[in-house]
Amino acid sequence: MENLVEEYWRFFYSDRIQKNPSLKDDEERHAYAIRVFWIRHVAKPPSKEFIVIPFGYVETRISKTTNTPISRIYVMLYTEDKKLEKSVIICRGLQADLWKDIELFMVYRVRLFSTDGVLIATNDTEFREPKSLNMDPLDFLRRYVGVKMFKLKDVYKNLSRKQGQYVDEFDIKAIDAIVIRSATGKRPDGTNWAFYVVSDDSVGPEEEVDEEGRIIPTQFTVWVPSSLAKYAEDSELILYGTVQLNKDNIPFMNAIGLIPVHPIRLL
């Protein structure tokens with residue numbers, strides 16, 4: 001009850017209520033605020049508390065099917081039998097920017113709606129008061145997330161598996177590489193994009209092919225959340241995500257996170 005009362009007064013004194021020109025006085029403001037508050041709590045999906053450890057994210061995009069903003073936060077979830085399992089939090093609409101509130105590899109206690117093994121952010125979802133994991137991020141990724149490290153010369157052997165037409169978003173690979181260059185920009189829908197072009201010491205200056213006759217790339221494109229595109233060339237980074245082939249059968253990565261090893265910040 002105390003939380004509900006506190007939430008109501010926060011809503012009542014928000015700009016949405018106090019600066020709404022259609023509400024003439026406090027009587028109208030309260031009448032409207034109470035109706036909205038009631039609907040928020042009656043119509044929303046039921047949520048419960050979960051303990052999660054975020055280890056990656058996809059920034060806000062605009063859904064092509066619903067034209068609404070959506071993002072994804074990848075977490076390890078503490079189950080009721082005290083085990084850790086991989087899961088994803090879907091953040092839609094007003095919750096789409098929740099990825100901005102997280103610190104990776106920290107422990108959070110959050111309220112979420114759960115359906116068919118998927119976690120969905122609600123109005124109650126807040127990432128506050130993170131607790132330290134006290135574990136090296138790469139060790140965590142390897143031990144609990146099951147991330148496999150690979151060298152660029154072996155990239156074709158480390159493509160993420162497919163589930164039907166789609167890539168398994170939890171078949172995550174990682175590469176320890178040096179940044180050659182990077183770029184950022186905006187999509188037509190106004191959302192941000194960014195990528196690094198990287199390489200490692202497993203490839204040489206001359207063109208090589210693998211046993212199946214495929215050309216081994218000497219450079220590798222890694223698409224990253226734009227908020228992580230803050231390191232300059234010559235930075236050493238561990239980048240992790242799914243590894244796929246583009247329409248020209250050239251491998252690339254869709255990264256959901258990175259770990260700086262020897263970073264050089266962009267000026």
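How many helices and strands does the protein have? This is a predicted model, and in it the protein has four helices and 16 strands. Measured out along the principal axes, the C-alpha atoms fill a box of roughly 75 × 45 × 40 Å. Of the 267 residues, 42% are buried. If we take contacts between residues at least 6 apart in sequence, 61% of them join residues at least 24 apart.

Let's turn to the surface. The protein exposes about 15,900 Å², with carbon and sulfur atoms supplying 51% of that area. Met1, Leu4, Val5, Trp9 and Tyr13 make a nonpolar surface patch of about 560 Å². Trp9 sits in helix H1, which covers residues 2-12, and counts as partly exposed because its relative accessibility is 39%.

Helix H1 also holds a charged pair: Glu6 and Arg10 are four residues apart there, so about one helical turn separates them. They form a salt bridge whose closest N and O atoms are 3.2 Å apart. Both are partly exposed, Glu6 at 46% relative accessibility and Arg10 at 44%.

A second salt bridge joins Glu169 to Arg72, with the closest N and O atoms 2.8 Å apart. This pair links distant parts of the chain, 97 residues apart: Glu169 lies in the loop between strands S9 and S10, and Arg72 in strand S2.

Finally, look at Arg161 and Asp168, whose salt bridge has its closest N and O atoms 3.0 Å apart. Here Arg161 is partly exposed at 48%, whereas Asp168 is buried at 6%. Together with Asp171 and Lys173, they are linked in a network of salt bridges.

Definitions and conventions:
Residues numbered from 1 in each chain as written. Predicted model: local features only at pLDDT ≥ 70, side-chain atom pairs only at ≥ 80, totals over all residues. Heavy atoms only, no water. Patch = residues over 30% accessible without salt bridge, like charges linked within 9 Å, V, L, I, M, F, W, Y side chains within 5 Å. Areas by Shrake-Rupley, 256 points an atom, 1.4 Å probe, with all protein chains shown as cover. Salt bridge = Lys/Arg side-chain N within 4 Å of Asp/Glu carboxyl O. Helix = DSSP H or I, 4+ residues; strand = E, 2+ residues; numbered from the N terminus. Buried < 20%, exposed > 50% of the residue type's maximum accessible area, 1.4 Å probe, protein only. Contact = heavy atoms within 4.5 Å.
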